Amino acid sequence: MSDLRVIPSLTANHKQLLGVATVMKVARLLFVLALAVAASAQTRTPDTPAGRQFAAWLEAFNSGDRAKLLAYLQQNYPARAPDIDREMGFRDKTGGFDLKKVEQSAAQHFSGVVKERGSDQFGRFDLEVEPTAPYRISKFELRAIPQPAEFAALRMSEAEAISALRARVEKDAAADRFSGAVLVAKNGNAIFDQAYGMADRASKIPNKITTRFRIGSMNKMFTAVAILQLVQQGKIALTDTVGKFLPDYPNHDLASKVTIHTLLTHTGGTGDIFGPEFEAHRLELKTLNDYVALYGKRGLAFEPGSRWAYSNYGFVLLGAIIEKVSGQSYYEFVDEHIFKPAGMLSSGSLPEEQNVPDLSVGYTREKPTAAWSPNTDTLPYRGTSAGGGYSTVEDLLRFANALTGLKLLDAKHFALLTTGKVDTPQGSKYAYGFQDQGSGSVHCFGHGGGAPGMNGDLVICPESGYVIAVLANMDPPAAGGISQFISNRLPEK
């Protein structure tokens, strides 16, 4: 902070001459400058074998030079060298890292906090090296964490935040890191809505605010609301087991132990749907029962309730239960009880073979140097209760307004739906199909979604009145990074 000593202090006479407004501007400038100076000070790595290895990895990774990073990995972390293309893809998405904090340091162990250079995302790393020279890396884990309070981004006025958002999205769009639509609303009404990039690159069709985008796992919010509606009606209890509604379920252990609560919170141990089996049968899986037939004999991954593990299959089962209880298809139920009451006329999960007006083409690439290509060969037959449908940013705002306006659930079940219940490895809490999140004193909830060629995020902050909806027709974290950026900068009230 010594660099600030050259700025003279403001005396009482100075304040009278400058005026209160000018003083406030100067004070704000000094605060921003102080933060910039603090941020520019590099946290030093300890001079230990583990610390030196981390510093060397960080330099190679941040360089963005494939040959340099590969040479480093081959010499110091040979187990990771075969994944060089994935490492470079990770480098492209993050922009590299800055070391922000040292947490633990010993000769063979080093852990701390880093921040992505290309976004507000923070991560916690844990590195261990071999006990003798050349001290090659034996373990290196890096996982995303919520933004630590000590590194919170500077809150701005609403106008400043929107201006910063506009500049950020325009920069990302110009660099071909974002293609999609962004909407920010205050008290139910949009204060920023803009689309960028191409919905169809081959036909040169631009994205619009009304463009439909595939939303990945964001469908889980609709599934959870549907389940809570049935709970509110007394047709389902959160303690009910899968077997109560699906008595012929192939695996008795799962059917008798997994409850609605554990399915909604990803604590049921029901596993995922993606992998070789999905790839082999991708276009044959046309109904939720088709998924149950394919995966139903599979045993539990762990004892239900013992830990958290994201489970797409768990939400497929919730969709099957909705069908059993309601007597309607999952799609009919959601359309009748969520989309129509909320006014979401542009949302759905029609099969890929059917024409959907204004639906964008998703674009993906296997590595940073590859050209963007349509994600057609990765898509399921149709979206499910676990994800894969489509929506617009305007429809997501309508959903948020209907939810917070208690048009979909009463106050008791709305609170039950959105209040965090289980800790996740990322440091946040998971509610029922919603992530309970927030920064500082702001409580927000929502859900993201991502897969090849699609990325989206919805953030609802009832106390401040803000809703953020971002959808992209390209790989993650195109939309998530934008959503996080504006979430961290909008005023708390």
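Analyst: Two residues are in contact when they have heavy atoms within 4.5 Å of each other. Please keep in mind, too, that this model is predicted.

User: Thanks! Which residues does Phe399 touch, not counting residues up to four places away in sequence?

Analyst: Phe399 is one of the buried residues of helix H15, a helix of twelve residues that covers 393-404. Within the largest nonpolar core, which has 76 residues, Phe399 is among those with the most contacts, together with Phe222 and Leu264. Leaving out residues up to four places away in sequence, its partners are Met221, Phe222, Val225, Ile338, Ala342, Met344, Leu408, Phe434 and Leu458.

User: Which helix gives the largest share of this core?

Analyst: The core in question is the largest nonpolar one, with 76 residues. Its largest share is nine residues, and they come from H7.

User: Is H7 largely enclosed by the rest of the structure or left open, and how many of its residues are buried?

Analyst: H7 spans residues 219-232 and has 14 residues, reaching 20 Å from its first C-alpha to its last. Buried means under 20% relative accessible area. H7 is largely enclosed by the rest of the structure, because its buried residues number 13 of the 14.

User: Which residue takes a positive phi just after H7, and which one follows H15 with a positive phi?

Analyst: After H15 there is a residue with phi near 60°, and that is Leu406. Just after H7, phi is about 80° at Gly234.

User: Let's turn to the sheet. Which strands stand at its edges?

Analyst: The open sheet has four strands in the order S1-S2-S3-S4, with antiparallel pairing. Two of them have a single partner strand each, so one side of each is left without a neighbour in the sheet. These edge strands are S1 (97-105) and S4 (137-145).

User: How many bridges join S1 to strand S2, and which residue of S2 stands opposite Leu99?

Analyst: Strand S2 covers residues 109-116 and runs antiparallel to S1, with seven bridges joining the two. Opposite Leu99, in S2, stands Val114.

User: Is Asp98 buried, partly exposed or exposed, and which side chain does it join in a polar contact?

Analyst: Asp98 has its place in strand S1. Buried would need under 20% relative accessible area and exposed over 50%, so at 23% Asp98 counts as partly exposed. At 2.9 Å, its side chain joins in a polar contact with that of Arg117.

User: Which side chain does Glu87 meet in a polar contact?

Analyst: Glu87 lies in helix H5, residues 84-94. Its relative accessible area is 8%, so it is buried. Beyond its neighbours within four places in sequence, Glu87 is in contact with Phe61, Leu69, Leu73 and Arg80. The polar contact, at 3.2 Å, is with the side chain of Arg80.

User: One last residue: how far does the backbone nitrogen of Gly51 lie from a polar atom of the side chain of Thr48?

Analyst: Thr48 sits in the loop between helix H2 (20-40) and helix H3 (49-63). With a relative accessible area of 16%, Thr48 is buried. Apart from residues up to four places away in sequence, Thr48 touches Ser105, Ala106 and Ala107. From a polar atom of its side chain to the backbone nitrogen of Gly51, the distance is 2.9 Å.

Technical notes: Residues are numbered from 1 along each chain as its sequence is written. This is a predicted model: local features need pLDDT of at least 70, side-chain atom pairs count only at pLDDT 80 or more; totals for chains, interfaces and linings use all residues. Side-chain values use heavy atoms; hydrogens and water are left out. The expected span of a helix is 1.5 Å times one less than its number of residues. Buried means under 20% relative accessible area, exposed over 50%, partly exposed in between (1.4 Å probe, protein chains only). Two strands pair if DSSP finds at least two bridges between them. A polar contact is a pair of N or O atoms within 3.5 Å; within protein, one must be able to donate a hydrogen and the other to accept it, and residues adjacent in sequence count only if both atoms are side-chain atoms. A nonpolar core is a set of buried Ala, Val, Leu, Ile, Met, Phe, Trp, Tyr and Cys residues joined through side-chain atoms within 4.5 Å.
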